[in-house]
Amino acid sequence: MGSLTCSQFQGPRHPTAPPCPAPEGPWGHIQGRDRGLTSHSVPALTQFRMAGQAPVPSSCDCFVALPPHTASPAVIFGKNADRPRHEVQEIVYVPAATHRPGDKVQCTYLEIEQAERTHAVVLSRPAWLWGAEMGANDCGVCVGNEGVWTREPLGEAEALLGMDLVRLGLERGGSAREALEVITALLERYGQGGSCKEEPVPFVYHNTFLLADRTEAWVLETAGRYWAAQRIREGSRNISNQLSIGSDIAAEHPGLRERARSRGWWSGDGEFVFAEVFSLEKQPPRMEAAKARFQAGKELLRQHAGHITAETLMSILRDKESGICVDTEAFRTAGSMVSVLPRDPALPCVHFFTATPDPSRSVFKPFVFVAGIKPVPQVRSPTFLQDPAKQIPRFQSSVDRRHELYRRHQAALELMEQDQERGQKLLETLQELEKQGLKGMKELLEGTVTPCPEELADLFFDCVEAEMKFYT
């Protein structure tokens, strides 16, 4: 894990990275500021749950908490990526880069124009595609997406996936608002569509997004090429596979209301409530089930308002009773993320990823953006010369995308199922490893330790290595 005791730390930005807008900027020296997160007990949620509870519908859940709901002056973001049960999620770091005029970028299905400069990003993504379920950039921006079904027709033709838009927003946006503008511009130009899972039968949906930075958050909800956005400046917010924006719309597609009026979904008079206007009259079962999850997540945030920490969101993401943590025969939580974004731009943002399924039996491991990030091949899936996700027709065969940490964690899960006593001891060991990472983050943000960049560059690698040793 590292001692985090080097005498001085400054996190330089990559020289080719596009500038982050105020109040972002180069990290200053961390010198004993008492601005870190304080621990807060959440006994109702902190118990890791073993598998075997009643199955719940497939789902995704994303959360953000801002002051005054957080325990410290920080924005805290969290997401569960709930995917087909055997899909592998990998963690990918992509450094900042400068690109030549006319360069293109190949997304999952579509090739589009590349930006002049792209931010460094860390992504948690299904291993078969280009985009990401969730991630962060070196400006302290976090984005996650979820599937929804709306009155607008689904586009089975290959276009941009919502997961592609997550990555594009992170690579090109220096703030949550900039990332939103990137996503909506690309959505209007290219549309969204194509299968969202690695199987011959298409699985297509529209997308909602939660975007956050050090100062604010945005909910962006889409229906085809149309969209509406809500700005969150304080408190907390969650999204769960359904349209949830009402009349509090801070930005929207210029033709949104005319589209609704022309289709007979809105009279043109009175209040315009986006979720009511664009939601399907008869919801798919997946979206009906999401209503209960949305309310459960909202209530969990309310219960801890004023005291929310990274540990709080980790515990919420582990909550199986509400259906927020999924473990069924068809779907499960494939990866989880929690990020702490301090209001003070001199303090680093800390991002935690599991890189393994089922957060109730996984370790959240910390990542901090610095120069010289050490590669972590243990959480990267293998590549294939003849990849069925890239060949036409697609998905006609399957390949084994499991990375090394996934394989070892999978074996550990089997142990937990077969030998309850040994499994419980392993869980306790993993919990202790996670506590060390959280303690290190707290000390870093409070300034009681001042690590050198080399230690932080190796931090995620060291945590993955430590976890793997417990599985041998």
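Trainee: What phi does G447 take just after α8?
Mentor: G447 has a positive phi of about 80°. The model is predicted: local features need pLDDT of at least 70 and side-chain atom pairs count only at pLDDT 80 or more, while totals for chains, interfaces and linings use all residues. Residues are numbered from 1 along each chain as its sequence is written, and side-chain values use heavy atoms, with hydrogens and water left out.

Trainee: How many residues has α8, and how far does the helix reach?
Mentor: Helix α8 covers residues 420-446, which is 27 residues, and spans 38 Å from its first C-alpha to its last. That is close to the 39 Å expected at 1.5 Å a residue, the expected span being 1.5 Å times one less than the number of residues.

Trainee: What about α2 (residues 176-190), and which residue follows that helix?
Mentor: Helix α2 has 15 residues and reaches 21 Å, close to the expected 21 Å. G191 follows, with a positive phi near 75°.

Trainee: Which residues of α2 are buried?
Mentor: A176, A179, L180, V182, I183, T184, L186, L187 and Y190 are buried, meaning under 20% relative accessible area with a 1.4 Å probe, protein chains only (exposed is over 50%, partly exposed in between). Their cover includes α1 (162-172) and strands such as β6 (111-113) and β10 (142-148). Helices (H or I, at least four residues) and strands (E, at least two) are DSSP runs, numbered from the N terminus.

Trainee: Changing topic, which residues touch the most other members of the largest nonpolar core?
Mentor: F272, F274 and F278 do, in a core of 101 residues. Such a core is a set of buried Ala, Val, Leu, Ile, Met, Phe, Trp, Tyr and Cys residues joined through side-chain atoms within 4.5 Å. Helix α9 (residues 453-470) gives the most to this core, with nine residues. Apart from it lies another core of 32 residues, including V94, I112, I183 and L211.

Trainee: And R125 in strand β8: buried or exposed?
Mentor: R125 counts as buried because its relative accessibility is 11%. Strand β8 comprises residues 121-126. Beyond its neighbours within four places in sequence, R125 is in contact (heavy atoms within 4.5 Å) with residues including E90, E133, R167 and R380.

Trainee: Finally, how many helices and strands are there, and what percentage of the residues is buried?
Mentor: The protein has nine helices and 18 strands, and buried residues make up 61% of its 472 residues. Among contacts between residues at least 6 apart in sequence, 73% join residues at least 24 apart.
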